[in-house]
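The report below is written for a reader who wants to trace each statement back to coordinates. Please look over the sequence and the structure before reading on.

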Amino acid sequence: MRRVADAHPGQNVVVTGASGGIGRASAVAFGAQGANVGLVARGEKGLAGAARDVEAAGGKAYVIPIDVADPDQCEAAAETAERAFGPTDVWVNVAFTSVFSPFWEITPAEYRRVTEVSYLGYVYATMAALRRMRPRNAGTIVQVGSALAYRGIPLQTAYCGAKHAIQGFHEALRCELLHERSNVHVTMVQMPAVNTPQFSWVLSRLPKQAQPVPPIYQPEVAARAVLYAANHPRRREYWVGSSTMGTLAGNAIAPGLLDRYLARTGFGSQQTDRDRQADQPANLWHPADGSEGHDYGAHGIFDDRSKGRSRQLWASHHHGVLGAGAAAALAAAAGVATRRLRRWCR
């Protein structure tokens, strides 16, 4: 671990899954605000790269290599971060793993591992953060979710199950904190498809290269949403991307139609026309960016197809200003989504 002699001024932040993707982009964004950032992940190369990026952006970084599936390691990480920088102001949970596969091709051990990392990792890390935040009556926890926390899709049963579980966990915990009038806040950010390295390192049994379902957003869009949520945590959740809004609206209005739509389109839309590489790494049991791997960075392989901004994200941040207009837009999105589903499912 890199050592920091003294605490530094500025916000103290911990980000899990900080070696790549949304976690890494979020860590760098906090660093650009002058924050002290504890970087939690398994991969050594990715963590080292993230630390360089955070410090180049203007922050201070402390590398904490752990597996969030182990509650003792989560507790140790929380303690280590506070010894390095002082009391943690913001904790961001991003770490996950998954399997791209039809359900019947996933083994029980693989399914358990995805659940332990992608769901229980959030639970254990939140426990560790709350043990320190509740006695101080201060702090914010941001749970990075997905549109798939509400709407399951084929080929991602393990991931969708974990995101649904996080959603229920988040809602219940928020109620408990509100009950005790705590000044500790929890909020959740529901993400769209994002151009992260996961499509190059998640265990896949698909015949073709896995891809996010378009439209695809750059991880910096997701990071901006995480920063905003951390600084405005009284909202229960934020939605990022028009696709997230449309998916959630369509699922609320016509879930059965969406089932049939995804049955027809969900397999093809999650694969490119290129064959999957036989030697593609898989980070389910071991980090793809371990000591013998390489630093994947924040971005995946879909830069040329990814959006660098989201108008819907602005709307989500300014929902109080938009008021009835936002509600009308949501209703319109639901109507459009329903009509499209009906046309596809005829």
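What follows describes the strands, helices, cores and some individual residues.

The model is a predicted one, in which local features need pLDDT of at least 70, side-chain atom pairs count only at pLDDT 80 or more, and totals for chains, interfaces and linings use all residues. Residues are numbered from 1 along each chain as its sequence is written, and side-chain values use heavy atoms, with hydrogens and water left out.

**Paired strands**

Helices (H or I, at least four residues) and strands (E, at least two) are DSSP runs numbered from the N terminus, and two strands pair if DSSP finds at least two bridges between them. Strand β6 (residues 139-146) runs parallel to β7 and is joined to it by 8 bridges; between these two strands the chain passes through helix α5 (residues 157-179), in a β-α-β crossover that is right-handed. A crossover has this hand if, with the strands pointing away from the viewer, the path from the first strand over the helix to the second runs clockwise. Strand β4 (residues 90-93) is also parallel to β6, with 4 bridges between them, while β7 pairs in the parallel sense with strand β12 (residues 237-239) over 3 bridges. Individual bridge partners are listed in the table.

| Residue | Partner residue and its strand |
|---|---|
| Val92 | Val142 in β6 |
| Gly145 | Gln190 in β7 |
| Ser146 | Met191 in β7 |
| Met188 | Glu237 in β12 |
| Ile216 | Ser306 in β14 |

Burial is judged by relative accessible area, where buried means under 20%, exposed over 50%, and partly exposed in between (1.4 Å probe, protein chains only). By this criterion 8 of the 8 residues of β6 are buried, and both of its faces are covered, with Gly139, Ile141, Gln143 and Gly145 on one side and Thr140, Val142, Val144 and Ser146 on the other. Strand β7 (residues 184-191) likewise has 8 of its 8 residues buried; one side carries Val184, Val186, Met188 and Gln190, and the other carries His185, Thr187, Val189 and Met191.

An open sheet of 3 strands has the order β8-β11-β14, with parallel pairing. Its edges are β8 (193-194) and β14 (306-307), each of which has a single partner strand, so one side of each is left without a neighbour in the sheet. Strand β11 (residues 216-217) is joined to β14 in the parallel sense over 2 bridges.

**Nonpolar cores**

A nonpolar core is a set of buried Ala, Val, Leu, Ile, Met, Phe, Trp, Tyr and Cys residues joined through side-chain atoms within 4.5 Å. The largest one has 42 residues, and Val15, Phe30, Leu39 and Val92 have the most contacts inside it. Helix α7 (residues 219-231) supplies the largest share of this core, 8 residues. A second, separate core has 29 residues, among them Ala69, Ala95, Met133 and Val184. In soluble globular proteins, nonpolar side chains tend to be buried together.

Contact means heavy atoms within 4.5 Å. Leaving aside neighbours within four places in sequence, Val92 is in contact with Val14, Val15, Thr16, Phe30, Val142, Val144 and Val226.

**Helices and single residues**

The 12 residues of helix α1 (residues 21-32) should span 16 Å at 1.5 Å a residue, and the end C-alpha atoms are 17 Å apart, which agrees; the expected span is 1.5 Å times one less than the number of residues. Helix α1 is largely enclosed by the rest of the structure, because 10 of its 12 residues are buried, including Arg24, Ala27 and Phe30. After α1 comes Gly34, whose phi is positive, near 85°.

Ala51, in helix α2 (residues 44-57), is buried with a relative accessible area of 3%. Ala51 and Ala27 are 24 residues apart in sequence, and their C-alpha atoms are 8.8 Å apart in space.

Arg132 belongs to helix α4 (residues 108-136) and counts as buried at 12% relative accessibility. Not counting residues up to four places away in sequence, Arg132 touches Glu75, Ala78, Glu79 and Glu82.

Where cysteines are concerned, Cys160 is buried at 5% relative accessibility, whereas Cys175 is exposed at 52%. A search of the whole structure finds 0 disulfides, a disulfide being a pair of cysteine sulfur atoms within 2.5 Å.
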